[in-house]
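Biologist: I'd like a close look at the ligand site, please. Start with what lines the site, then work outwards to the elements around it.

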Amino acid sequence: MLKQIRRIIKLADKYKGKIRIAYLFSFLNSFFTYFPYMMSLFVIKELFQKTMNYRKVWMIGGILILCLLGQILFRYLADRFQSTAGYEVFAALRIRLGDRLKKLPMGFFSDGNIGKISTVLSNDMQYVESNCMNMIADFAADAGSQALTLIFMIFLHPYLGALTLFITLLIIVAGNICMKNEQKEADNMQQVNEELSEHVLEYIEGMSVIKSYNMLDSESNQLDKAFIDTKDKCIDLEKKVTPGLRIIESINIIGIAALVVLGLFLYKGGEIDLFKTLGISVFSFGVFRPVRNLYLQVTRIAVMNSSLNRMEELFNLELLNEADSEKIPEKCPDGVPEIEYRNVTFSYEEEAVLKNVSFKIPQKTMAALIGPSGGGKSTIANLLTRFWDIKEGSILIRGCDIRNVPLNNLMDKISVVFQRVYLFKDTIYNNVRMGKPSATREEVLECLKKARCMDFIEKLPFGIDTVIGEGGASLSGGEAQRISIARCILKDSPIIILDEATASVDADNEAYIQQAIDELCKGKTLLVIAHRLNTIKNADTVYKVEDGIISLS
Ligand SMILES: Nc1ncnc2c1ncn2[C@@H]1O[C@H](COP(=O)(O)OP(=O)(O)OP(=O)(O)O)[C@@H](O)[C@H]1O
Ligand SMILES: [Mg+2]
């Protein structure tokens, strides 16, 4: 358990101090909660000796009120520090994780990891967020109370102290074994949760295909299976924890009985007096309560541990190595090509997809890539933006190895027009402005005009302030494509990568898109994956890419 607490404090980063203060207040709260119990011994003694008087009654009353006030004050302070620290820690963690996701190679996002990312960001983080601060506070309070009761029992008699210590340790050992056993089930449960998220995402994303191929039954069967798996694992977890909890309860009860019996023996042997014996009988019922309470939460701790593991896994993923030893020069030096691939060999998995690819694209010229499907054209283009990093060879922009420049600097220089357009659920204006956040409204309008978007924008209810659906759902494919081109025009980067759209749009739209692209490409260095004869005609150089080998066409 200490290990979990250390992990959480480590995650807390700069909020560590706040959490430690909350921890201290929690401890003080428990001190004021337990103090009246200890005082009961003094009261019993006074009653027995018939020495209780009004002055002492007032004193006891005063102390009780002070303890109550102390409890309220420190509970309030602990809650305040703890909950604000909790929200702050997790807001910071989410931002940090978001930042890291941006720096992961694209390969990570296509390896079926989407379910993992979404469960970590939603389920796991939320679980830890809503449980960890309470756990730390409970731990502080319970550990503090247990220490106090132990001291108190030692004060009554060292044998009683030793027995209390022994039983406490026994509960700790049993609790830890129980937690270890449960960990595997908790991990399994989190795993099926992740699979469930993946199935749900897939089901929703693929809804159009599922409907059109009448696959509703088979797909929803899979989803149902994922729901049932999740339920089963939750039940497994509960089943596993129940026997362990009963054992902890039993040790607690046996421990109480043992304390009372030992107290009586000590009384009989004349080691302790009557009032202490009575005190033990009253007090022993609560002696192991703190440590027992701690371990009654094993499920919570096991699930949290599993969530922490998965969060750490995401945090520990290898990022694209971001160096800043070089910067791409603002002007392309004379005699240096804008883009150069030098002996690039690349594989996604084992087999090489690109083999010793070398070519140069001089500034403001167009290179077209042609070749059969699966030849490696998109791969060549994707490597320029560092969607994946190469291990062999190098890629240079204006003479700089792209692995040596900051990612921001690289992305400033390149715009990509993808075949599959993604627009955010936001206004057209904001979607375009992403290309250059400092742009004025006039500049945005100018780019939309250049990208031939005005014909359909004028028909929208709020013009460029119309909010479009996620993924551009309320626009036609060609319209969404033109907006994405407007975004690129605004970005005005010197290099454009174009994966030409094939026959997915109608002839009208195609003509408009072509005009928009022509506008975008004026005076730029172009790497075009060509599907049209027209493009090849306009290209300065045409390369054929087949089986990962590039050759002049
Ligand atoms: N993310 C990936 N993971 C593993 N293999 C991949 C991945 N993307 C592409 N490949 C493989 O790399 C090879 C080259 O693919 P690439 O997409 O570069 O071809 P292409 O020339 O662009 O084809 P097309 O004309 O159909 O778009 C193919 O064999 C493909 O299966
Ligand atoms: Mg391709």
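Modeller: Happy to! One convention first: Ala, Val, Leu, Ile, Met, Phe, Trp, Tyr, Cys and Pro count as nonpolar, Asp, Glu, Lys and Arg as charged, and the others, Gly among them, as polar. On that scheme, the shell around ligand 1 divides into two nonpolar, seven polar and two charged residues. Please keep in mind that this is a predicted model.

The shell holds eleven residues, and the closest to ligand 1 are Tyr348, Ser373, Lys377, Ser378 and Thr379. Helix α12, which spans residues 377-384, gives the largest share of the shell, with three residues. That makes α12 a good thread to follow.

On one side, α12 lies across β1, β2 and β4, running at about 115° to β1. These strands belong to an open sheet of four, ordered β2-β1-β4-β5, with antiparallel pairing. Its edge strands are β2 (354-361) and β5 (400-401), each of which pairs on one side only.

Let's walk through this sheet pair by pair. Strand β1 (residues 339-346) is joined to β2 by five bridges, in the antiparallel sense. One register marker here is Glu340, whose bridge partner in β2 is Lys360. The pairing of β1 with β4 is antiparallel too, and again there are five bridges. You can find that register where Thr345 stands opposite Glu392 in β4. Then β4 and β5 run antiparallel and are joined by two bridges, with Asp401 in β5 as the bridge partner of Leu396. These two strands form a hairpin with two residues between them, and Arg398 in the turn has a positive phi of about 50°.

Back to the helix, which meets a second set of strands. Here α12 lies across β3, β6, β7 (495-499), β8 (525-529) and β9, running at about 145° to β8. These are strands of an open sheet of six, in the order β6-β7-β8-β3-β9-β10, and this time the pairing is mixed. At the edges stand β6 (414-417) and β10 (549-552); each has a single partner strand, so one side of each is left without a neighbour in the sheet. From one strand to the next, the twist averages 20°.

For a parallel pair within this sheet, look at strand β3 (residues 366-370) and strand β9 (residues 541-546), which four bridges join. Ile370 has Lys544 in β9 as its bridge partner. Another helix, α17 (residues 477-491), lies across β6 and β7 and runs at about 170° to β6.

One more packing pair is worth a look while you have the model open. Helix α5 (residues 114-156) packs with helix α11 (residues 298-315) at an angle of about 130°, their axes 9 Å apart. That angle makes α5 oblique to α11, and the crossing of the two is left-handed. Residues of α5 in this contact include Val120, Met125, Val128 and Met135, while those of α11 include Ile301, Met304, Leu308 and Leu314. By class, the contact has twelve nonpolar, two polar and three charged residues.

Technical notes:
Residues are numbered from 1 along each chain as its sequence is written. Chains are lettered from A and ligands numbered from 1 in the order in which they are written. This is a predicted model: local features need pLDDT of at least 70, side-chain atom pairs count only at pLDDT 80 or more; totals for chains, interfaces and linings use all residues. A residue is near a molecule or strand if its C-beta atom, placed from the backbone, lies within 6 Å of it. Axes are lines fitted to C-alpha atoms, for helices over the stretch in contact, and angles run from 0 to 180 degrees between N-to-C directions. Angles under 35 degrees count as roughly parallel, over 145 as roughly antiparallel, 65 to 115 as roughly perpendicular and the rest as oblique. A crossing is left-handed if the near helix is turned anticlockwise from the far one by less than a right angle, and right-handed if clockwise. Two residues are in contact if their C-beta atoms, placed from the backbone, lie within 7 Å. Two strands pair if DSSP finds at least two bridges between them.
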